[in-house]
Amino acid sequence: MYKIAVAGTGYVGLVAGVCFAEVGHKVICVDIDEKKVDLMKSGIVPFYEPGLEDLMIKNYAAGRIDFTTDYMQAYREADTIFIGVGTPEREDGSANLSYIANVARQIAESIIKDCLIVVKSTVPVGTNDKVEQFIKDFLVNDVRVEVASNPEFLAQGSAVNDTLNAERIIIGTESNWAEQVLKSIYKPYNIPIISVSRRSAEMIKYASNNFLALKISFINDIANLCELVNADIQEVTLGMSFDSRIGNKFLNAGIGYGGSCFPKDTKALDYLAKQFGYELKTVKATMDVNKEQQTKLFKKASQRLITFNNIKVAILGLTFKPGTDDLRESASLVNVPLLLEHGANIFAFDPIGAKNFAKIYPEGKNRNGTIAYVENVEQALIGASICFIFTEWDEVKEIPPEKFKKLMQTPIVYDGRNIYKIDNMSEVGVEYHSIGRNK
Ligand code: UGA
């Protein structure tokens, strides 16, 4: 078993650390934020991720995982250091690598024995080469260091399961030593390990996320055409999915993709290609389609109603997908300001994300409208003239069609997640609009 230090306790770092501990490694998680470290020591995960807290508490109690701000001590004792800090998007679309650089510098100043540094964060191709050189330039002691790439494929909301039952583990190494160390760290996972070069590993991460985003934009594009030619996207994807070359995943048409990964990684890959004088036309199309898709329902509804001014609008779901409190690049963040601009009185429900949303749009008057956050779907729907569904939370999926009819002043529903059967809604008198279906 290895002594592993993990830099960064966000989704990537903390989930990786907890899972390493779960399979028996001795893990120390490093974060610069003292409050976060104290929270984790007291058994609280600083963000919402189902199942993670229990596993963290269990492994902390068993002495397999600990948390610290003392990076020097942590890195000094580690056989391997995983870097899982963020690589947020810069204004020009490139990845901001300053957090990685900070950690690399701390590692260089701390380590006193041979050490493998593993980058889990999503970084542009070639970054690992630079990180290795950077660490070597700043090394204080005469030790062997090598950097390996080990991109992360977990999705928020199912992070623990995605890690412990992943379909593959990608390791990008430049020496037999690094390859063997990573293979033995991951041996207990019993998951296929694909061993490639460092640059290929970096590319696999971007290519995978860009391909998934492309799938979503493609199906949204086809859904839009389905509406025009009176076909049904769900029937179309069902038929397509029986071809195993196409598969049945990531073909749900909707209000576009959000989150911290697809929007950022499409932009970063586009930026990288441009730097080499190449244009990734499919990636550009992916981004263009997604941008249009996010306001599709707002545009449709604007044509349907004369005005949103003083209209009660119910919004169901604010996060970019269920199972997370993350709002980054969510459809709600694009549509709420539009609705407020047009004078809407919004009543928003989200079981987990409302608190974060209220930090950006506090309750009360905003632009030409108002926004309030409610505790349940009923409070959002009662007296509303129009309802937008942005996130397919269980609480939303479970609303019986009659409830829209009974509670709303005018039961007009714009569903960005294709939750309901069209017939079930029309039977009870709900005017129902969804994506790529016959209405
Ligand atoms: C995504 C990838 O799925 C992970 O494999 C990857 O590791 C992660 O990014 C990352 O790079 O860190 P995540 O952003 O957490 O994970 O969420 P997804 O479940 O992929 O959903 C992303 C967005 O696509 C959501 O807004 C979701 O509603 C949308 N989506 C997904 C669709 O509109 N249609 C689909 O069929 C699937």
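Q: Why is K264 called buried in this predicted model?
A: K264 has 20 other C-beta atoms within 10 Å. The cut-off for buried is 20 or more. K264 meets that cut-off, so K264 counts as buried.

Q: Where is K264 found, and in which helix?
A: K264 sits in helix α11, which runs over residues 262-275.

Q: How do you know that K264 is listed as a "binding site"?
A: The label comes from UniProt, in an unreviewed entry. That record lists D31, K36, T87, T122, K264 and R328. The listed residues span 298 residues of sequence. They are also spread in space, with C-alpha atoms up to 24.9 Å apart. Such annotations may be inferred rather than shown by experiment.

Q: What makes R328 partly exposed?
A: R328 has 18 other C-beta atoms within 10 Å. Buried needs 20 or more, and exposed needs 12 or fewer. The value of 18 falls in between, so R328 is partly exposed.

Q: Where does R328 lie, and which residues does R328 touch?
A: R328 is in the loop between β9 (312-316) and α14 (331-341). Leaving aside residues up to four places away in sequence, R328 touches G258, G259, S260 and F320.

Q: What makes C261 buried?
A: C261 counts 23 other C-beta atoms within 10 Å. The buried class starts at 20. C261 therefore belongs to the buried class. C261 is located in the loop between α10 and α11. The UniProt annotation "active site", from an unreviewed entry, covers C261.

Q: Why does A314 count as buried?
A: A314 has 26 C-beta neighbours inside 10 Å. Buried takes 20 or more, so A314 qualifies. A314 is part of strand β9.

Q: Which residues does A314 touch, and how many residues apart in sequence are A314 and I386?
A: With residues up to four places away in sequence left out, A314 touches F347, A380, L381, A384 and C387. A314 and I386 are 72 residues apart in sequence. In space, their C-alpha atoms are 6.3 Å apart.

Q: Why is N310 called exposed?
A: N310 has 12 other C-beta atoms within 10 Å. Exposed means 12 or fewer. N310 meets that cut-off, so N310 is exposed. N310 belongs to the loop between α13 (296-304) and β9. Its phi is near 60 degrees, a positive value in a residue other than glycine.

Q: What makes N230 count as exposed?
A: N230 has 9 C-beta neighbours inside 10 Å. Set against the limit of 12 or fewer, 9 places N230 in the exposed class. N230 is in the loop between α9 and α10 (233-241). The phi of N230 is near 65 degrees, again positive in a residue other than glycine.

Q: At what angle do helix α9 and helix α12 pack?
A: Helix α9 (residues 198-229) and helix α12 (residues 281-294) pack at about 55 degrees. Their axes are 9 Å apart.

Q: Why is α9 called oblique to α12?
A: Roughly parallel requires an angle under 35 degrees, and roughly perpendicular runs from 65 to 115. The angle of about 55 degrees is in neither class, nor is it over 145, so α9 is oblique to α12. From α9, the contact uses N210, A213, L214, S217, N220 and D221. From α12, it uses T282, V283, A285, T286, V289, N290 and Q293. The crossing of this pair, α9 and α12, is left-handed.

Q: How do the axes of α11 and α12 cross, and which residues make the contact?
A: The axes of α11 and α12 come within 10 Å and cross at roughly 145 degrees. α11 contributes T266, L269 and D270 to the contact. α12 contributes V283, K284, T286 and M287. The crossing of α11 and α12 is left-handed.

Q: How do you know that the radius of gyration agrees with a compact globule?
A: For 439 residues, a compact globule would have a radius of gyration near 22 Å. The protein chain has 24 Å, which agrees. The C-alpha trace spans about 75 × 45 × 40 Å along its principal axes.

Q: How many helices and strands are there, and what share of the residues is buried?
A: The protein chain has 19 helices and 15 strands. Buried residues are 46% of the 439. Among contacts with a separation of 6 or more, 72% join residues 24 or more positions apart.

How values were computed
Residues numbered from 1 in each chain as written. Predicted model: local features only at pLDDT ≥ 70, side-chain atom pairs only at ≥ 80, totals over all residues. Helix = DSSP H or I, 4+ residues; strand = E, 2+ residues; numbered from the N terminus. Contact = placed C-beta atoms within 7 Å. Rg over C-alpha atoms; globule rule 2.2 N^0.38 Å. Axes fitted to C-alpha atoms, helices over the stretch in contact; angles between N-to-C directions. Left-handed = near helix turned anticlockwise from the far one by under 90°.
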